[in-house]
Amino acid sequence: MRLSDAPKGANAVVQSVSDAHPADPIAQRLRDLGFVAGEPVRLVARGPLGGDPLLIQIGSTRFALRKSEAARVDVSVENAA
Amino acid sequence: MSAAALRIALVGNPNCGKTALFNQLTGGRQKVANYAGVTVERKEGRFVAPSGRVLHILDLPGAYSFDATSPDEAITRDVCHGRYPGEAAPDLIVCVADATNLRLHLRFVLEVRRLGRPVVLALNMMDAARRRGIAIDVAALSRRLGVPVVETVAVKRGGAKALIERIDASVPDIVPAAIDVAGVEQLHAEVRSILADTVTMARDTVAIDDAIDRWVLHPVFGLAILATLMFFIFQAVFSWAQPIMDGIEGGIAALGTFVTGFLPEGSALHSLLNDGLFAGLGAVLVFLPQILILFLFILVLEESGYLPRAAFLLDRLMFRVGLTGRAFIPLLSSFACAIPGIMATRSIQDPRDRLTTILVAPLMTCSARLPVYTLLIAAFIPDRAVWGVFNLQGIVLFTLYFAGIFSALGVAFVMKRLRKDKSEHALIMELPSYRLPNVRDIALGLWERALIFLKRVGGIILALTVLLWFLSSFPGPPEGATQPAIDYSIAGRLGRMLEVIFAPIGFNWQICIALVPGLAAREVAVAALGTVYAMSGSDDSVASQLGPLIANEWSLATALSLLAWYVFAPQCMSTLAVIRRETNSWRNVAVAAGYLFGLAYLASFATYQIARALS
C-alpha cells in the first residue's frame, strides 16, 4: 500500500520508493533520507487542512511529506498500534 | 604544519547543532559574508587552541547528502570536495552528528568519510542522548568508522572541550577511501549494521515531543496556538518596547541639546547637527528596541523547533496559493527584514517556489516599516482599550500586518495561475526535536541583527539625512521672505513637483520630499520627515516632536493613505538589490518594483478617497 494511504498510527515497513518519472529528484531525496526497503515507518499525523501534508516518522526523525510525495513510498502495514 | 593556521570545515545534517557548536568554538569572533558569486551565507570564525595554534573554522550549510538538491547543499558538497572556486580545501572536516538521530545522520557521515580527507566525528547533543536512554559505544563507533569520534554538548559551556583537545592534538590520518561505490541501499545497510553494533536505545522518540506535537499539530488547537502566538508577538512588539523607546528618545534629545549648546544658535552647523543629524538619526534609532523584540521572538521560535511545525500547519494553504510551507520561514524572517528573508529562500529547492517567495517577501511587514507605522498610529489612532484586553493601536498594527500577508497570498495565487510550468513541487521537511533555546545563541543572533541595523543607520541613513538637510537648506530664502525657509530650497521645489502626482492619494509636498530619500530605505522617510519639518521653521526638532506636529498638519485620510502606501511600496533599494542578486535577473527586479508601486498607488488612492468620503 502507499504510505499516503496508511492508517494513522499504524506501524509500516518500507518496501520500495518508486520514481514518478525518470530521474525523479523527489524519490531520490526520499531514499537519501532513509526511505529504503526494510525501514520501519509510521504515519503520525495529518495536516489540518485536507489531511495534507503528512507527518511521517522514520527512525527517530520526523518528516513532513505531502501526500503526492508519500505516494511514492510503497509500504506494508503491520497490525495497527 | 603545527605552526600554520589550520582550516577546519564544520559539516553536518540540518538540525545537528552545528551552528551552536560553531558559536561555542568561535564566540563573537565571527565573520559573516557570502560565498563568491553566489549568495549562500558564509560564516567563518577564528579560534586559538590551547597549544597556540590558530584555527580557522568554516561553518558550511547543513546538508542531508552530497547529492545536492539546493544551492546550499551544492556549496557544502563543492567545498568539501575542494573544488569550490576561491575556497581552499579544508585541512580537516569536523562532521557533526546529532547523537539522538544517528540513523539519519550517520549516512551523511559515511558520505563525508568517503571524501578521503581527514575527518573527526563530533557526536553532538550527548546530554540529550543520555537522557533519552541512548547508549553509544564511542570506541566501537570510532573503530567501525575508522575516524576519531568525540562527544560534544554544543549548548553547554565547555561542551566542546573534547573536540578542541582532539583537533589540537594532531590532524587525524586520512581514512583509506573505501571506494566501494555503494548505492544508497548499501549505505543505509551499513548504517544499520553500525547502529546495531554500537548503539542501544530505549525508544525512538521523546515522549515530550510526542505530547507537544499532539497539541501543536492538532488540526484545531494547532492553528489556534499559531494564531494566538502571532497576535501575542505583535502586541508585545508594540507595548514592551515603549519604555525603552521613551528612554532612547529622551537620551537623544538630551544629547542633542548638550552638543548643540556649544554652537551659536542660527548657524549652519547648529542647524545641520540639530535638524539634520539628531532629528534624523533620533527618529530611526528609536525603533531599535522594537526590531530587537521581533527578532527575539523569531530567533526563539526558530531555535525551539517550532517554525517547521508552523510550516507543517500552513503548507496546504500556502501550496494552494502557489507557495510552499517552507516559504513560511523566509516569509516570517521578512517580518524583521526582507533581505535576510529573501536570502533565506535558498532553502527552498524548487526554483519556481523560490521565485514566488522572493517576489512576495517585500509584502511582509518588515521592521523598517515599523518607524512609519508607529509614528502614524501614535499620532492618529487613539490609545484606547478595546474589549478590555486589546489596544486599538495594537489592532491597527495587526491589521496592517494582515493586509501585507493577504496581499502576498493573492499575488502568489495570481503568479501560480500565470505560470506555465505545472510540474511537481517538493516539500519534504524535517521536524526536529523540541529544544530549549540557548541564551548565548539567541544573544549572538540578536547582536548580529542589531549591528546590521546600526550599520544601516550609521551609513546610508546618516548620509541621506545629511544630504536631505543640505537640499532643504539651500538655496536660502530671499530677503523679506514670508514662507518657511524650506519652501525656497531645492527640496521644497522638488516636493511641489511631485505633489502633482501624489495629490490624488492625499500626500502633501513634505511627504513627497520624504519619499525620495525614503526610496533608499523605508525608515529614512521618518528621518526625512523629521528633517523636513524641523527645517519648516518649528523650533523643536527631535523625533519625539514629529508625532504631535503631523497630527496637527495632516488629515486622518492622508495618514491612512500613507499607511496603505507603506504596506506595498518597495521603498527599499537594498531589497531590490538583493532580488537582483538572488535571481540574477533585472527583469525580476522590474516585475517586483512595478507591481509593488502599482499596488501601493491603487491602495493609497482607494484608502484616501474612501476615508475622505466617510469623514
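The exercises below, each with a worked solution, concern chains A and B of a predicted model.

In this predicted model, local features need pLDDT of at least 70 and side-chain atom pairs count only at pLDDT 80 or more, whereas totals for chains, interfaces and linings use all residues. Residues are numbered from 1 along each chain as its sequence is written, chains are lettered from A and ligands numbered from 1 in the order in which they are written, and side-chain values use heavy atoms, with hydrogens and water left out.

**Exercise 1. Describe the secondary structure of chain A and its overall dimensions.**

Step 1: Chain A comes to two helices and five strands, where helices (H or I, at least four residues) and strands (E, at least two) are DSSP runs numbered from the N terminus. Read from the N terminus on, the elements follow the order β-α-β-β-β-α-β.

Step 2: The radius of gyration of chain A, taken over C-alpha atoms, is 12 Å, close to the 12 Å from the globule rule (2.2 Å times the number of residues to the power 0.38) for 81 residues, so chain A is as compact as a globular protein of that length. Its C-alpha trace spans about 35 × 30 × 20 Å along the principal axes.

Step 3: Of the 81 residues in chain A, 58% are buried, meaning under 20% relative accessible area, with exposed being over 50% and partly exposed in between (1.4 Å probe, protein chains only). Among the contacts (heavy atoms within 4.5 Å) in chain A with a separation of 6 or more, 61% are between residues 24 or more positions apart.

**Exercise 2. Trace the pairing of strands S1, S2 and S3 in chain A.**

Step 1: Strands S1 (residues 11-17) and S2 (residues 40-49) of chain A pair in the antiparallel sense over three bridges, a pair requiring that DSSP finds at least two bridges between the strands. Within this pairing, A:Ala12 stands opposite A:Val41 in S2(A).

Step 2: S2(A) also pairs in the antiparallel sense with strand S3 (residues 52-58) of chain A, over six bridges, and here A:Arg42 stands opposite A:Gln57 in S3(A).

Step 3: The hairpin of S2(A) and S3(A) has two residues between the strands, and in this hairpin A:Gly50 takes a positive phi near 70 degrees.

**Exercise 3. Establish the burial and the neighbours of strand S5 in chain B.**

Step 1: Seven of the seven residues of S5(B) (residues 92-98) are buried, so the strand is largely enclosed by the rest of the structure. B:Leu92, B:Val94, B:Val96 and B:Asp98 point one way from S5(B), while B:Ile93, B:Cys95 and B:Ala97 point the other way.

Step 2: Strand S1 (residues 6-12) of chain B runs parallel to S5(B) and is joined to it by five bridges, with B:Val11 standing opposite B:Cys95.

Step 3: S5(B) pairs in the parallel sense with strand S6 (residues 119-124) of chain B over six bridges, and B:Ala97 stands opposite B:Leu123 in S6(B).

**Exercise 4. Set out the surroundings of B:Ile164 and of B:Leu292.**

Step 1: B:Ile164 lies in helix H6 (residues 161-169) of chain B and is buried, with a relative accessible area of 17%. Not counting residues up to four places away in sequence, B:Ile164 touches B:Leu25, B:Phe47 and B:Pro50; B:Pro50 is 114 residues away in sequence and 8.4 Å away in space, C-alpha to C-alpha.

Step 2: B:Leu292 lies in helix H12 (residues 288-304) of chain B and is partly exposed, with a relative accessible area of 24%. With the same exclusion of residues up to four places away in sequence, B:Leu292 touches B:Leu446 and B:Ala450.
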